[in-house]
Every structure is written in C-alpha cells, then in structure tokens.
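User: Hi, could you walk me through this one? I'm new to reading structures, so plain sentences would help.

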Amino acid sequence: MDKKTIFSGMQPSGAITLGNYLGALKNWTTLQDEYNCLYCIVDMHAITVRQDPTQLRQSSRNLLMQYIAAGLDPTKNIIYYQSHVPAHAELAWILNCYTYMGELNRMTQFKDKSKSHSDNINAGLYTYPALMAADILLYQTDLVPVGVDQKQHLELSRDIAQRFNSIYGDVFTVPEPYIGKVGAKIMSLQEPVKKMSKSDDDINATINLTDDPATIIRKFKRAVTDNLAQVKYDEIAQPGISNLMAIYSAITGDSYESIQNEFEGKGYGDFKLRVAEAVISELEPLQQRYKQLSADKNYIDTIIKENASKANYLATKTLRKVQKKIGFPPIVR
C-alpha cells in the first residue's frame, strides 16, 4: 500500500515493435518490485478507428501475451483489457461533463487522426482524452509514463482531476509524468527521421517482436542508410546509421564510440547484419516464451480473469466515490 501506482496503456492495433520494446517495455520490467503497476490493453480506445472484430480480439490477446513474454509478471502487475472493466466507460461519461469543448478542440491528436481517417471522424475520437483521463484517474495513479504524443493528454487529465477536486474535495490523485530510465529512441528503418510505429503501413519500416530471424535480417538489409560509407553517430547527416547504432547500443550496452571503432573500415552490409543478429539474439527468449504462452490457453484465460477482477476492484472503489460526490443514488443490494 505504500508503493506509488503507475498506469500505462497500449492499443492492440498491430504487434509490439522493437521501438516499443527498447523504448519502454524493457524498462517497465524493472518497475514491478518498486511500484504498483497497471498495464492496460486499451481496446476501447482502439475502436475510434474501424477494427476487424476477429482481429481485434486476437491482437488484444497477443498483446497481453507479449507483455508477459517480455518479462511483466502478471502476479506483480495488473495486466488487463480495458473493456473488461466497465468503470472506464462509466467514469469517462462523468468526466466528459467536466471537460470543456475548448480543451478538446486543442487536442492535436484529434486533428491528426481526423486527417488520416477523414471518412470516420466520430464522437469517440473527439472525446478520447476524457476516456484516457478516466483510465488514469480510476486507479488513483501517481505516475504515468508518457511520450511526447501523449503529454497533452496527461496535462488534460491533471486539469480535469484538479477541477473535480476543487468542486468536491480530495477525490482524485493528480497524476505526474513518470521520468524514469530513458529507453532508446528507435526510428523507422525506412524513414529514420520519424519514430518506429506499429501503425506504419510499410512492413519494412518496423521490426515486430514476433518477427522470425529471416524476416529480421531481410528488414535490416533493406534499412535506409546513406552513401557516406562510415559508421558514425550523426542524427542530422546520417539518421539511418545513427538509428542502427542506437538499436545496437541499446541491446549490447556498447557506447557509440566503441561501435564506431568496431566497424571502422567495414561496409554497411556487415554492420546491418551484426545489428540484425543482435536483435535476433535479444528477441529469441521472448519469442520462445510467447510460443509457450500461446499454447497454454487455460493459463492465459486464468490471467485475464484474475487481472480483470483486481482491476475491477480498484476501479469500482474510485467510481463509487465519484458517484456519491456528484449525487448519484447509492446502489441497493
């Protein structure tokens, strides 16, 4: 009870990438003894964009198994589906009534997604930040790991919590951004000036955690580099090579200087192959564990059930407090 609570969520739209793993997930495994951690598969957020139902169900299960395979212990962390905890939707509606239109109008992610999904600009996409606030505030979250693209949403969650608390007293913990060990910033293999993304349409741009060795080698061979013929870290002049160096360094622990010395006078082909081999070696135990989990349906079903129960218990405590504060009648049992 004296541990602080960390909440993070990831959409089940696409496989976890090497960027997700080296940038965040690998570091999350070090938090599970020091914090109370909740890792939510945010399938409710996912449907702001049209999803294939069968694929969404499978992707959600795959993501949960990849979390565990990557080292998140489901007995130490609460790993659960957002849709299995009705309090997320219930609190989101309440918080919608404490969120101003002007605040939602300023959300840059809504503007960006509206451009890329112009045929489906729905109300859920617009009120997405209120649901995100509910996700966080339900669990009296102290800390939220956020990237640049989610910083604005966390700030809104803080504003909503403070607004609600100013009216009704100390109801919500006001969350802070989690500033922990900085993971590697992994860029696209095809456009190394932008982050590696699991939503990228170019399959050669990303390394997925479930990619087999042959696929990993092929993707690295096709990685965009330059014609300078030197392995040197320079994000401006050599973004492609710098990205490969960042991946290699994150896995091996070698400094950029030592990597530069190791591959001095060698061609890009040699370097790409070495990076691919390092990635294959890093992902092999994770992939083996993932295969084991995929074959053990009963175990995964038990984890899903038990973790949903834990999340529901915590979420319901907060929701009932909120309902009482705003004047909803108590539930008669």
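**Contacts, cores and salt bridges**

Analyst: Let us begin with Val279, which, leaving aside its neighbours within four places in sequence, is in contact with Leu18, Ile207, Ile216, Phe220, Ile247 and Ile251. Please keep in mind throughout that this is a predicted model.

User: OK, and which residues touch the most other members of the largest nonpolar core?

Analyst: Those are Tyr67, Phe220, Ile247 and Val279, in a core that has 56 residues. Helix H12 gives the most to this core, with eleven residues. Apart from it lies another core, of 37 residues, which includes Val85, Tyr128, Ala134 and Tyr139.

User: Back to H12 then. How do H9 and H12 cross?

Analyst: The axes of H9, residues 213-221, and H12, residues 268-295, come within 9 Å and cross at roughly 145°, and the crossing is right-handed. On the H9 side the contact is made by Pro213, Ile216, Ile217, Phe220 and Lys221, while H12 brings Lys272, Leu273, Val275, Ala276, Val279, Ile280 and Leu283.

User: What classes of residue are in that contact?

Analyst: Between H9 and H12 there are ten nonpolar residues and two charged ones, with no polar residues.

User: Switching topic: how many salt bridges are there?

Analyst: The structure holds ten salt bridges. In one of them the side chains of Lys76 and Asp33 meet, at 3.0 Å from N to O, and this pair links distant parts of the chain, 43 residues apart. Lys76 sits in the loop between helix H3 and strand E3, whereas Asp33 sits in the loop between helix H1 and strand E2.

User: Is Asp33 buried or exposed?

Analyst: Asp33 counts as exposed because its relative accessibility is 52%, which is over the 50% cut-off. Lys76, with a relative accessible area of 43%, is partly exposed.

User: Does H12 have a part in this too, say, where is the partner of Glu262?

Analyst: The side chain of Glu262 meets that of Arg274 in a salt bridge of 2.6 Å, N to O. Glu262 is in helix H11 and Arg274 in helix H12, twelve residues apart. Both count as partly exposed, Glu262 at 27% relative accessibility and Arg274 at 31%.

User: And what about Lys297 and Asp301, how far apart are their closest N and O atoms?

Analyst: Those atoms are 2.7 Å apart in a salt bridge. Lys297 and Asp301 are four residues apart in helix H13, so about one helical turn separates them. Together with Arg61, Lys297 and Asp301 are linked in a network of salt bridges.

How values were computed
Residues numbered from 1 in each chain as written. Predicted model: local features only at pLDDT ≥ 70, side-chain atom pairs only at ≥ 80, totals over all residues. Heavy atoms only, no water. Axes fitted to C-alpha atoms, helices over the stretch in contact; angles between N-to-C directions. Helix = DSSP H or I, 4+ residues; strand = E, 2+ residues; numbered from the N terminus. Left-handed = near helix turned anticlockwise from the far one by under 90°. Contact = heavy atoms within 4.5 Å. Nonpolar A, V, L, I, M, F, W, Y, C, P; charged D, E, K, R; others polar. Core = buried A, V, L, I, M, F, W, Y, C linked by side-chain atoms within 4.5 Å. Buried < 20%, exposed > 50% of the residue type's maximum accessible area, 1.4 Å probe, protein only. Salt bridge = Lys/Arg side-chain N within 4 Å of Asp/Glu carboxyl O.
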